[in-house]
Amino acid sequence: MAREEEPVEGGGEAAPHEEEHHPRQRRRGRGGRDRDRGRERERDERDEFVDKLVAINRVAKVVKGGKNFGFAALVVVGDQKGRVGYGKGKAREVPEAIRKATQEAKRSLVRIPLREGRTLHHDAHGRWGAGKVVLRAAPAGTGIIAGGPMRAVFETLGLKDVVAKSLGSSNPYNMVRATVRALQSQTSPRTIASKRGKRVADILARRVGGGEATAADAA
């Protein structure tokens, strides 16, 4: 028996039933927007940071049935504006190992104070295990005088004039860690002045060849 449509007041036709949207459809729409935002964020990070592959090694894990071979990658990441970090990753394939190392490097970023945005404020020594490094500030136009893993750290950090020497192990992991530790020992004149209760000009006047303090030196 067919169902009769109930008359609508005013003599008009019966209003059609509105389509109901399933909540899963709405969730799918929000998820699509979230994925778009995630892609945009990754694109911005790629534009902001510079990464360099320092070392890639083939590793093996001995198991009951034999050996499982994989790859270990060491990556240095920086924004060339005073931030740098390093990370390592292991995977069965080289691209996956590099991706893991890059993510770890971005999570371990540290900020280093630079003099005039191009060199160090003072000389520094760093040590990690058997790795020993010496870093020295340099005048404008010197360039990066360093080799191997240390050069990768300086280029991603944004240093333009520096002289560095490795005195210990040539292991890239130890060299990168020792270099970052030496960079973390950098202190700016502004920081020293605030700790000692002095003016920045008084701190810079004691520097060899000092003179009038500039804002770039104090940073």
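**Helix α2, the sheet and the nonpolar cores**

In this predicted model, the buried residues of helix α2 are A97, A101, T102 and A105. These residues lie on the same side of α2, because the arc that they cover around the axis is only 135°. The points below follow α2 to the sheet on which it packs, and then turn to the nonpolar cores.

**Helix α2**

- Helix α2 runs over residues 94-107, and its 14 residues reach 20 Å from the first C-alpha to the last, which is close to the 20 Å expected at 1.5 Å a residue.
- An α-helix has 3.6 residues a turn, so residues three or four places apart point the same way.
- On the face turned away from the buried side of α2 are the exposed residues P95 and R107.
- The cover over the buried residues of α2 includes the strands β2 (66-78) and β3 (83-91).
- T102, which is found in helix α2, has a relative accessible area of 13% and therefore counts as buried, the limit being under 20%.
- When neighbours within four places in sequence are left aside, T102 is in contact with V75 and V77.

**The sheet and its helices**

- Four strands form an open sheet in the order β1-β2-β3-β4, and their pairing is antiparallel.
- Because β1 (50-63) and β4 (110-111) stand at the edges with a single partner strand each, one side of each is left without a neighbour in the sheet.
- The antiparallel strands β1 and β2 are joined by 13 bridges, and A60 stands opposite F69 in β2.
- Helix α2 packs on this sheet and touches β1, β2 and β3, with its direction making about 145° with that of β3.
- Helix α3 also packs on the sheet, where it touches β1, β2 and β3, and its direction makes about 135° with that of β1.

**The nonpolar cores**

- In soluble globular proteins, nonpolar side chains tend to be buried together.
- The largest nonpolar core has 27 residues, and those with the most contacts inside it are L135, M150, V153, F154, L157, L159 and L183.
- At least two residues of this core come from each of β2, β6 (131-137), α3 (149-157), β8 (162-166) and α4 (172-184), and α4 gives the most, with seven residues.
- L183 touches I112, L120, L135, V153, F154, L157 and L159, if residues up to four places away in sequence are not counted.
- Another core, of eight residues, lies apart from the largest one, and among its members are F49, A73, V75 and A105.
- Of these members, A105 is also one of the buried residues of α2, while V75 is in contact with T102.

Methods. Residues numbered from 1 in each chain as written. Predicted model: local features only at pLDDT ≥ 70, side-chain atom pairs only at ≥ 80, totals over all residues. Heavy atoms only, no water. Expected span 1.5 Å × (residues − 1). Buried < 20%, exposed > 50% of the residue type's maximum accessible area, 1.4 Å probe, protein only. Arc of directions from axis to C-beta. Contact = heavy atoms within 4.5 Å. Core = buried A, V, L, I, M, F, W, Y, C linked by side-chain atoms within 4.5 Å. Pairing = 2+ DSSP bridges. Axes fitted to C-alpha atoms, helices over the stretch in contact; angles between N-to-C directions.
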